[in-house]
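Thanks for making the time this morning. I would like to walk you through one structure, going from the overall fold to a few individual side chains, so please have it open in front of you.

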Amino acid sequence: MQNIPHIPVLYREVVEAFSSIEEGIIIDCTMGYGGHSSMLLEANANIKLIAIDQDQTAIDFSSERLAKYGDRVSIRKGRFSNVIKEILQEVDISEIKGVLADIGVSSLQLDQKERGFSYESDNLDMRMDKGASLTAEVVVNEYSQAELEHILLEYGELRNYKKIASKIIQNRPFTSAKELSDTLKSDMPHGKKIHPATLLMQAIRIEVNDELGELHSLLDALKEAKLTQANIAIISFHSLEDRIVKQTFASWAKSCICPVEAFRCECGNDHALGKVLTRKPLMAKEDELKENVRSRSAKMRIFQMGKKYE
Ligand SMILES: C[S@@+](CC[C@H](N)C(=O)[O-])C[C@H]1O[C@@H](n2cnc3c(N)ncnc32)[C@H](O)[C@@H]1O
């Protein structure tokens with residue numbers, strides 16, 4: 001077996017999230033290096049798994065890692081926003097008993113400097129799918145002041161986003177993430193735990209991979225599908241994603257969808273798609289935090305979809 005380049009976060013909690021399933025299909029929207037996928041397959045011999053990733057390196061690695069599970073696994077390459085819609089059309093939705101998404105980048109993507117995700121990288125790439133057309137180089141060297149301000153504020157939550165956008169424009173073109181982060185280091189917030197350029201890199205990465213758009217599309221597709229009996233578990237790594245998941249799950253759980261100003265309910269009070277299982281997000285416990293530093297910002301929320309559960 002190859003060396004495993006990514007330690008799955010919240011691994012016990014993920015297995016637990018799907019432990020009530022007797023048989024059926026689990027969709028792993030972010031297969032990565034197959035950590036969660038293999039744990040779920042090991043935990044229950046009666047489940048089948050459809051696993052998605054847009055990164056060919058992850059597909060190659062996990063095709064080998066998961067090969068021993070034979071036809072219990074089917075691997076699909078593409079953005080989960082698209083692939084999930086195809087799957088929902090192809091399979092009987094009553095067979096789908098779980099959906100997992102562990103949003104964001106994998107350790108290997110972060111650690112392989114040539115992928116451009118690190119502030120020390122010698123290029124400006126950051127594409128999870130090497131075939132995609134938008135790169136970090138385009139964002140940094142071609143976006144307007146207003147476009148840069150938007151991503152720095154919305155995706156990096158950087159307070160001095162105007163100053164940083166101006167400095168990027170004054171000093172470009174940039175050819176590497178290292179050059180970019182060195183130029184802007186003095187303008188970045190200096191936190192104790194993270195490198196000053198982390199939020200800048202996060203903002204560019206979210207734009208390059210349309211990460212928030214992907215999450216919205218996935219949640220929209222699942223809402224539309226109205227799965228009859230499935231646990232949906234989403235792991236996110238920053239507050240922007242967690243907020244989207246929290247608010248979406250809360251809206252799915254609402255039975256009455258009348259406008260707040262309505263005097264009495266006229267919607268039939270029958271609109272809940274299921275219930276939220278995690279009032280607060282699940283986070284890594286002390287022992288996991290010690291063995292996997294990347295688990296420190298992981299938050300998992302679970303929604304149990306299906307009228308049966310109301
Ligand atoms: C945090 S890693 C997942 C790790 C995995 N759970 C494991 O245990 O090895 C995220 C993976 O999801 C993939 N990914 C992220 N967003 C995606 C999207 N919108 N569509 C398809 N794959 C995506 C990335 O390429 C990466 O391999």
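When I speak of helices and strands, I mean DSSP runs, with at least four residues for a helix and at least two for a strand, numbered from the N terminus. Please keep in mind throughout that this is a predicted model. On that count, the protein has 13 helices and eight strands. Its radius of gyration is 20 Å, close to the 19 Å that the globule rule gives for 310 residues, so the protein is as compact as a globular protein of that length. The C-alpha trace spans about 60 × 60 × 40 Å along its principal axes, and 50% of the 310 residues count as buried. If we take the contacts between residues at least 6 apart in sequence, 69% of them join residues at least 24 apart. As for the surface, the protein exposes about 15,200 Å², of which carbon and sulfur atoms supply 49%.

Let me turn to one helix, α10, which covers residues 198-208. Nine of its 11 residues are buried, so α10 is largely enclosed by the rest of the structure. Among those buried residues are Leu200, Met201, Ile204 and Val208, and the list also includes the charged-looking names you may have spotted, Arg205 and Glu207. What do the buried residues of α10 pack against? They pack against α6, α7, α8 and α9, and also against α11 and α12. Just after α10, aspartate 210 takes a positive phi of about 45°.

Now to the charged side chains. Side chains of opposite charge can pair when their charged atoms come close. In this model the count comes to 19 salt bridges, and I will pick out a few of them.

One joins lysine 285 and glutamate 13, at 3.1 Å from N to O. Lysine 285 lies in the loop between β7 and α13, whereas glutamate 13 lies in helix α1, so the pair ties together parts that are 272 residues apart in sequence. Lysine 285 is partly exposed, with a relative accessible area of 48%, while glutamate 13, at 9%, counts as buried.

Another is local: aspartate 182 and lysine 178 meet at 3.1 Å, and both lie in helix α9, four residues apart, which is about one turn of the helix. Aspartate 182 is partly exposed at 40% relative accessibility, and lysine 178 is partly exposed at 37%.

A further pair is aspartate 242 with arginine 301, at 2.7 Å. This one links distant parts of the chain, with aspartate 242 in helix α12 and arginine 301 in strand β8, 59 residues apart. Both aspartate 242 and arginine 301 are buried. There is also a network, in which salt bridges that share partners join Arg76, Glu86 and Glu90.

I will finish with aspartate 53, in strand β2, which covers residues 47-53. Which side chain of opposite charge is nearest to aspartate 53, and how far away is it? It is arginine 115, 7.7 Å away, and aspartate 53 is buried yet has no salt bridge. What the side chain of aspartate 53 does reach is the backbone nitrogen of aspartate 55, at 2.8 Å. Leaving aside neighbours within four places in sequence, aspartate 53 is in contact with residues including Thr30, Met31, Gly32, Ile59 and Arg76.

Technical notes
Residues numbered from 1 in each chain as written. Predicted model: local features only at pLDDT ≥ 70, side-chain atom pairs only at ≥ 80, totals over all residues. Heavy atoms only, no water. Buried < 20%, exposed > 50% of the residue type's maximum accessible area, 1.4 Å probe, protein only. Lys, Arg positive; Asp, Glu negative; His and termini not counted. Salt bridge = Lys/Arg side-chain N within 4 Å of Asp/Glu carboxyl O. Polar contact = N/O pair within 3.5 Å; in protein donor to acceptor, adjacent residues only side chain to side chain. Contact = heavy atoms within 4.5 Å. Rg over C-alpha atoms; globule rule 2.2 N^0.38 Å. Areas by Shrake-Rupley, 256 points an atom, 1.4 Å probe, with all protein chains shown as cover.
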